[in-house]
Amino acid sequence: MLKKCCLLLLCGLLLTGCSAPTFETLGDVLHQQADAPTPRKVVLTLPQNAVQTVWSQDGDTLYLCENYEAHLQTLSGGDLQTTVRQLSGFDKDKLTLVESRCGDHDRYEWVWIAAGEGGDAVYRCAVLSDGNFHYALTLSALAADAGSLTDQWNSLMASFCLAETE
C-alpha cells in the first residue's frame, strides 16, 4: 500500500511540474484601431446664377440648374460595376465607359438615354475613384434641351475633380 501511495505521489509531482503558469504581459504601447478613411473634398464649379441647392444629405446633393439637374454623390468605393449599376441602372459592359486619370485618382465617364416623365432624358455621369470612395456627378436634362447644354456640361465636367490631399 505504501508503494502505491508513493507511486501516486510521485506521478502527481511529475505531472504538475509539466505545466507552467501563463502570464499575460502588459506594456505601455497603446494598440490603436486604424481610422476609417474619410471622403475627400470634391472640386466642382457650378454656374452661380443658375444653381439652387434642392436637397443635401450626407454626401448626396441635388442641384436644379437652368434646364438640367446636377446630382453629386459620394458612394462606397471598390466595385465599379456596382456603382455604375446604381447610378445608371445598366451593367458596365452595356455602356461605353471612357477611362482616364485626374491627378491621383481614376475617372470614368459615360452617357445614356432613358425614358422619363416628360419624355426622353439624356444623362451624363462621371465617377472619380480614389480607392476608398466613388464620387459621382450625374447631369440630366430632357433630350430636347440636351443639345444646347453641351458647352455648359463640358465645362462642368471639366471642373469636377478631387481636391489634392494634404
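Hi everyone, let's start with one serine: S56 lies in strand 2. Keep in mind that this is a predicted model. Is S56 buried or exposed? With 52% relative accessibility, S56 counts as exposed, because the cut-off for that word is over 50%. Now look for Q73 on your screens. S56 and Q73 sit 17 residues apart along the sequence, and in space their C-alpha atoms are 9.6 Å apart.

Right beside it in the numbering is W55, also found in strand 2, which covers residues 52–57. W55 is partly exposed, since its relative accessible area is 38%, and partly exposed covers what lies between 20% and 50%. W55 also has company: together with V54 and L64 it forms a nonpolar patch on the surface. The accessible area of those three residues together is about 260 Å².

Let's zoom out for a moment. How many helices and strands does the chain have? There are 4 helices and 9 strands. Reading from the N terminus, the order is α-β-β-β-β-α-β-β-β-β-α-α-β. The chain has 166 residues, and 33% of them count as buried. Its accessible surface comes to about 11,600 Å², with 54% of that belonging to carbon and sulfur atoms.

Next stop, helix 2. Which of its residues are buried? They are L80, T83, V84, L87 and S88. Viewed down the axis of helix 2, these buried residues fall within an arc of 105°, so they line one face of the helix. Here is a handy rule to go with that: an α-helix has 3.6 residues a turn, so residues three or four places apart point the same way. And what do the buried residues of helix 2 pack against? Their partners are strand 4, strand 6, strand 7 and strand 8.

Moving along the chain, we come to the loop between helix 2 and strand 5, and that is where D93 lies. D93 is exposed, because its relative accessible area is 65% and the cut-off is over 50%. D93 and Q81 are 12 residues apart in sequence, while their C-alpha atoms are 8.7 Å apart in space.

After that loop comes strand 5, residues 98–102. Strand 5 runs antiparallel to strand 6, and 5 bridges join the two. As an example you can find yourselves, S100 has R107 in strand 6 as its bridge partner. The two strands form a hairpin with 2 residues between them. In the turn, G103 has a positive phi of about 70°.

That's my tour, thanks for listening!

Key. Residues numbered from 1 in each chain as written. Predicted model: local features only at pLDDT ≥ 70, side-chain atom pairs only at ≥ 80, totals over all residues. Heavy atoms only, no water. Buried < 20%, exposed > 50% of the residue type's maximum accessible area, 1.4 Å probe, protein only. Patch = residues over 30% accessible without salt bridge, like charges linked within 9 Å, V, L, I, M, F, W, Y side chains within 5 Å. Areas by Shrake-Rupley, 256 points an atom, 1.4 Å probe, with all protein chains shown as cover. Salt bridge = Lys/Arg side-chain N within 4 Å of Asp/Glu carboxyl O. Pairing = 2+ DSSP bridges. Arc of directions from axis to C-beta. Contact = heavy atoms within 4.5 Å.
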